[in-house]
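Hi,

Here is the structure I said I would pass on. Have a look at it first, and my notes follow below.

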Amino acid sequence: MATVARQLRVGCEFRYAAEVETPAVFQVQPSGAAPASVLRQSWDMDPQTPRHGYVDLYDNVCQRLTLPSGTSTVRYDALVSVPDATEDVDLDAAEVPTALLPDEVLAYTLPSRYCLPDVLGDDAWRLFGKEKPGYRRVQAICDHVNDHLRFAYGSSSPTTTAAEAYAAGSGVCRDFAHVAISFCRALSIPTRYAFGYLPDMDVPPDPAPMDFAAWMEVYLDGRWWTFDPRNNTPRKGRVLIGRGRDAVDVAMVTTYGGPTLESMTVWAEEAS
C-alpha cells in the first residue's frame, strides 16, 4: 500500500543592513533527498541581486550572492511533498565494526570543530560503554542528552562546542546534536550533523517562533538513521537542507564581511 503524501510550505526570510557590498553563501533550500521532494521553489531578493547555485563538498545545495550596501532582503519559499509517516526505527539495527566501515563514512568518527569525542570520550564510555551496541545504545545517548541539557535560546553562541554545552547543561538544538554526535563518535559510531525544516506535524504546536532545526544521522547496519536528541522522538515532515561534520559545514548563511542581521523569519507548515 502506497504511503499517503502531504504537502508542506517551507522557507525563510533574512533582512540585512550592510555598510559595503558583502559576498554571502546561503544554504536554506531543501536538498531534495528522499523521502521529501521539492514541488516548486522561488528566490526573491530586494533589491534584485545576481546569484548562482553550486554543490559543496558534502553534496549540499548552496547559493552565492553579494548583499548590496544598505538594506536588503533575501527570501526563499518552497512547496515540498513528504510522506505521511514517521521516521524509520529499528531497535535491533547493529553497529558496524570499524574495520568494515565504508571509506567515506570514516570521517564521521573523528573530532571536528564543534564535536569533540576526544574531550567527551571518558564520559561516553562511562555512561554508555556497557549498553548493548547498536540502535538502543544510540537511543540511550539521545535520552541522556535530552535529559541533561536544558533547551534555552541564547544559552550558547555560534562558537560553543559540544564540551562547553555539556558542561553548561543548556543549549539550543545544534548543541543537543553536537553533544550526542560527540558521544557516538567517541564509541566509534559514525554520526553526521544534519539540519533543515521541522514542522509541527501531528504533534502539539511549539509556542516558540519557528526556527531551523538540527538533528543527527547515525550509520548502523549499512545505512543512515535519523535521531533527534532535542525532540527525542520520531517525527513526520522532516525536510533536510544539509549534512556535514558539524554546524560549521552547514551554516544557513555565511557572510564574508560584517553585515547586521536585522531580522530572520522561518516557516515550516502544512500547506492549506
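How many aromatic pairs does a search of the whole structure find? The answer is 14. Before you go further, please keep in mind that this is a predicted model, and that every value in this email is computed from it.

**Rings and charges**

One of those pairs is F151 with F176, which is tilted, with 6.2 Å from centre to centre and 50° between the planes. Why does this pair tie together parts that are 25 residues apart in sequence? Because F151 belongs to strand β7 (residues 150-151), while F176 sits in helix α4 (residues 173-186). Are the two rings' residues buried or exposed? F151 is partly exposed, at a relative accessible area of 27%, whereas F176 is buried, at 2%.

F151 also has a charge on its ring: the charged end of R230 sits over it, 3.8 Å from the ring centre. A second case of this kind involves R192, whose charged end sits over the ring of W224 at 3.9 Å from the centre. If you want a ring cluster to look at, go to F14, Y16 and F26, which are linked by ring pairs.

**The strands β1, β6 and β14**

Strand β1 (residues 5-18) runs antiparallel to β6, and 14 bridges join the two. Within that pairing, L8 is opposite V80 of β6. β1 is also joined to strand β14 (residues 260-270), again antiparallel, by 10 bridges. There, Y16 is opposite L261 of β14, and Y16 is also part of the ring cluster mentioned above.

S72 is a residue of strand β6 (residues 70-83). With a relative accessibility of 4%, S72 counts as buried. What does S72 touch, leaving aside its neighbours within four places in sequence? Its contacts are F14, R15, Y16, D46, P47 and L67. F14 and Y16 appear in the ring cluster too.

**The strands β2, β4 and β5**

Strand β2 (residues 22-26) pairs with strand β5 (residues 61-67) in the antiparallel sense over five bridges. F26, the remaining member of that ring cluster, has Q63 as its bridge partner in β5. Strand β4 (residues 51-55) is antiparallel to β5 as well, and five bridges join them. Y54 is opposite C62 of β5 in that pairing. The hairpin of β4 and β5 has five residues between its strands, and D59 takes a positive phi there, near 65°.

**The four-stranded open sheet**

What is the strand order of the open sheet of four strands? The order is β11-β10-β9-β12, with antiparallel pairing. β11 and β12 (239-244) are the edge strands, each pairing on one side only. From one strand to the next, the twist averages 35°. As general background, strands of a sheet pair through backbone hydrogen bonds, either parallel or antiparallel.

Strand β9 (residues 191-197) pairs with β12 in the antiparallel sense over five bridges, and F195 is opposite G242 of β12. Helix α4 lies across β9 and β10, running at about 160° to β9. That is the helix that carries F176.

The loop between β9 and β10 holds D211. D211 counts as partly exposed, at 27% relative accessibility. The C-alpha atom of D211 is 9.5 Å from that of P199, which is 12 residues away along the chain. Apart from neighbours within four places in sequence, D211 is in contact with Y153, M264 and V266.

**Helix α2**

Helix α2 (residues 135-148) has 14 residues. From its first C-alpha to its last, α2 reaches 20 Å, close to the 20 Å expected at 1.5 Å a residue. Which residues of α2 are buried? They are Y135, R137, V138, A140, I141, C142 and V145. An α-helix has 3.6 residues a turn, so residues three or four places apart point the same way. The buried residues of α2 pack against α1 (117-128), α4, β10 (213-220) and β11 (223-227). β10 and β11 are part of the open sheet described above.

Those are my notes on this one; happy to go through them with you.

Cheers

Key
Residues numbered from 1 in each chain as written. Predicted model: local features only at pLDDT ≥ 70, side-chain atom pairs only at ≥ 80, totals over all residues. Heavy atoms only, no water. Phe/Tyr/Trp six-rings, centres within 6.5 Å; stacked < 30°, edge-to-face > 60°. Buried < 20%, exposed > 50% of the residue type's maximum accessible area, 1.4 Å probe, protein only. Lys NZ or Arg CZ within 6 Å of the ring centre and 35° of its normal. Expected span 1.5 Å × (residues − 1). Contact = heavy atoms within 4.5 Å. Pairing = 2+ DSSP bridges. Axes fitted to C-alpha atoms, helices over the stretch in contact; angles between N-to-C directions.
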